[in-house]
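The following exercises train the reading of a protein model. Please attempt each task before turning to its solution.

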Amino acid sequence: MGYALVGLVLAAAMAFSFMKYPYGCAVPDTQSYIDAYHSLLNGRIHSWRMPLYPLLAGGCMDIFGPAYGGSAVALLQWLMYGVTLCYMRRLLLAVTSSQRIAFWVTAIYALMPGNFEPNQILFTETTATCLTTMMACHMAGTLRNPRTGRAAAAMLCLILLLTLKPASAPLLATSVIWLGLLVGLHRGNIRKTAVVICAGIVLAMSFLTLYLAAMHSMHGLNTLSATSTANNFFTIRQAGLITAANTSDTTLQRLIADSLPTEASADIYRTWDEYYIIQRNIGDIRMEQFVNSTIATHKATVLRHIVNRFNSICPQYPLFSTRSEFVPWSIPFLPRPNINVAAWILAACLLVFISRLRRAPLWASEGLCISVPACLMLGTVIAGAMDDYTRLFLPVQPLFWISVAMVLNVLRIGPETEHRPTLEKQ
């Protein structure tokens with residue numbers, strides 16, 4: 001019945017979406033991904049984008065042409081949405097052994113606004129959600145029954161996440177914790193599995209190091225993507241720090257005085273235009289230097305603005321939807337806590353799992369491997385720009401719900417119950 005629900009929701013959501021957007025829903029920065037794809041084909045790393053999404057989206061455009069490429073990208077998003085639901089239900093069954101909990105938690109997640117229409121959000125978030133859920137599933141399965149193939153699959157998900165979003169870098173810490181839990185739980189012969197995990201961690205760190213070196217040599221940037229500079233620009237622009245007085249660069253002073261209004265706009269599209277005006281005229285390197293020096297000079301002001309902005313946005317934008325212009329409908333009877341509430345719930349889950357490590361080490365370790373990635377990626381939420389905070393939380397939604405379901409399972413049968421089906425039997 002569970003997989004029938006997944007198929008029914010997926011079919012209904014696809015029909016609903018394609019009636020509204022037959023060729024997919026374009027987002028403001030779509031062109032930058034296409035530019036990145038052509039740069040990669042020419043053997044040059046694009047300064048704005050990590051490589052995975054441009055390769056997928058650009059490949060669809062090349063194979064199916066401009067007329068049907070958008071539809072192909074949207075279809076690929078739907079397939080990833082279905083895979084996410086399947087892995088989520090599979091993991092819920094493994095850690096709770098309750099068909100009822102697995103069914104209802106999967107149903108709540110599947111019908112949440114913003115999830116039910118995945119092609120209304122950026123494709124990067126759909127892909128990140130799928131890979132994060134798969135990674136957590138393989139991690140939990142490895143703790144239950146160590147296997148090199150499952151460990152390799154988890155590390156492959158990690159590496160793909162790093163080629164998709166720089167904000168996924170904290171997941172390296174999850175892999176180290178996972179390795180420690182594995183060694184602590186299984187004192188027998190787990191040498192091959194541990195070697196695979198160590199190799200995956202080394203490969204992931206090597207990719208980040210080489211990519212950072214390539215970015216520096218090609219573009220003079222010390223970040224993985226110029227998008228980080230753009231996000232920081234949005235922050236200091238909203239904080240009122242983009243002024244001619246904050247730079248000694250005469251060209252930049254003139255651009256700020258002539259091109260930018262005195263007050264920052266609340267419209268994200270207009271702020272993108274302001275960023276492009278400066279970036280085109282002074283280049284990526286000088287732009288990065290200006291943004292970083294402004295942040296360094298006004299650290300207290302920037303931090304105060306981030307905290308105030310984060311707190312003011314939480315009540316306005318529901319946790320389980322994306323930016324308002326991409327969510328035309330809602331489900332009023334479903335719970336919609338804000339990000340602050342989700343952070344407290346995840347912290348409570350972590351405390352429960354840590355407290356149960358001695359009495360039920362396997363169950364608690366699985367909980368840690370699910371909740372730690374959610375907490376780490378939740379910590380990257382404030383790195384977003386303006387009203388993008390909610391969108392950046394989308395990849396950890398499945399992990400959030402799985403953590404909650406595990407705690408509910410404690411109340412139902414107690415954590416000492418270890419008669420749960422393995423992932424192989426499902």
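Five exercises with worked solutions follow.

The model is predicted: local features need pLDDT of at least 70, side-chain atom pairs count only at pLDDT 80 or more, and totals for chains, interfaces and linings use all residues. Residues are numbered from 1 along each chain as its sequence is written, and side-chain values use heavy atoms, with hydrogens and water left out.

**Exercise 1. Helix lengths**

Task: Compare the end-to-end distances of helices H8, H7 and H3 with the spans expected at 1.5 Å a residue.

Solution.

Step 1. Helices (H or I, at least four residues) and strands (E, at least two) are DSSP runs, numbered from the N terminus. The expected span of a helix is 1.5 Å times one less than its number of residues.

Step 2. Helix H8 covers residues 191-219, and its 29 residues should span 42 Å. The end C-alpha atoms of H8 are 42 Å apart, so the two values agree.

Step 3. Helix H7 (residues 171-185) has 15 residues and reaches 21 Å from its first C-alpha to its last, close to the expected 21 Å.

Step 4. Helix H3 (residues 52-96) has 45 residues, and a straight helix would reach 66 Å. The end C-alpha atoms of H3 are only 34 Å apart, short of that span.

**Exercise 2. The course of H3**

Task: Where in H3 does a kink lie, and which residues on the two arms can be compared in space?

Solution.

Step 1. The bend at a residue is the angle between axes fitted to the seven residues ending there and the seven starting there. In H3, a kink of about 130 degrees lies at Gly65, shortly before the proline Pro66.

Step 2. Ala57 lies in H3. The C-alpha atoms of Ala57 and Ala72 are separated by 8.6 Å, although the two are 15 residues apart along the chain.

Step 3. Just after H3, Ser97 takes a positive phi of about 55 degrees.

**Exercise 3. Buried or exposed**

Task: Decide whether Ala57, Leu52, Val83, Ile63 and Thr126 are buried, partly exposed or exposed.

Solution.

Step 1. Buried means under 20% relative accessible area, exposed over 50%, and partly exposed in between (1.4 Å probe, protein chains only).

Step 2. Ala57 has a relative accessible area of 4%, so Ala57 is buried. Leu52 has 14%, so Leu52 is buried as well. The C-alpha atoms of Leu52 and Leu160 are separated by 7.3 Å, with their positions 108 residues apart along the chain.

Step 3. Val83, in H3, has a relative accessible area of 32% and is therefore partly exposed. Val83 and Met134 are 51 residues apart in sequence and 8.6 Å apart in space, C-alpha to C-alpha.

Step 4. Ile63, in H3, counts as exposed because its relative accessibility is 66%. Ile63, Phe64 and Tyr68 form a nonpolar patch on the surface, with about 380 Å² of accessible area together. Such a patch joins nonpolar side chains (Val, Leu, Ile, Met, Phe, Trp, Tyr) within 5 Å, from residues with over 30% relative accessible area and no salt bridge; the areas come from the Shrake-Rupley method with a 1.4 Å probe, and only the protein chains shown count as cover.

Step 5. Thr126 lies in helix H5 (residues 123-144) and is buried, because its relative accessible area is 6%.

**Exercise 4. Salt bridges**

Task: How many salt bridges does the structure hold, and which residues form them?

Solution.

Step 1. A salt bridge is a side-chain nitrogen of Lys or Arg within 4 Å of a carboxyl oxygen of Asp or Glu. The structure holds two.

Step 2. Arg144 pairs with Glu366, the closest N and O atoms being 2.7 Å apart. This pair links distant parts of the chain: Arg144 in H5 and Glu366 in helix H14 (residues 361-378), 222 residues apart. Both Arg144 and Glu366 are buried.

Step 3. Arg237 and Glu274 meet at 2.7 Å, N to O. Arg237 is in helix H9 (residues 226-238) and Glu274 in helix H11 (residues 268-297), 37 residues apart. Both Arg237 and Glu274 are buried.

**Exercise 5. Cysteines**

Task: How many disulfides does the structure contain, and why is Cys375 not bonded to Cys349?

Solution.

Step 1. A disulfide is a pair of cysteine sulfur atoms within 2.5 Å. A search of the whole structure finds zero.

Step 2. The closest cysteine sulfur to that of Cys375 is in Cys349, at 8.2 Å, and is therefore too far for a bond.

Step 3. Cys375 is partly exposed, with a relative accessible area of 25%.

Terms used
Patch = residues over 30% accessible without salt bridge, like charges linked within 9 Å, V, L, I, M, F, W, Y side chains within 5 Å.
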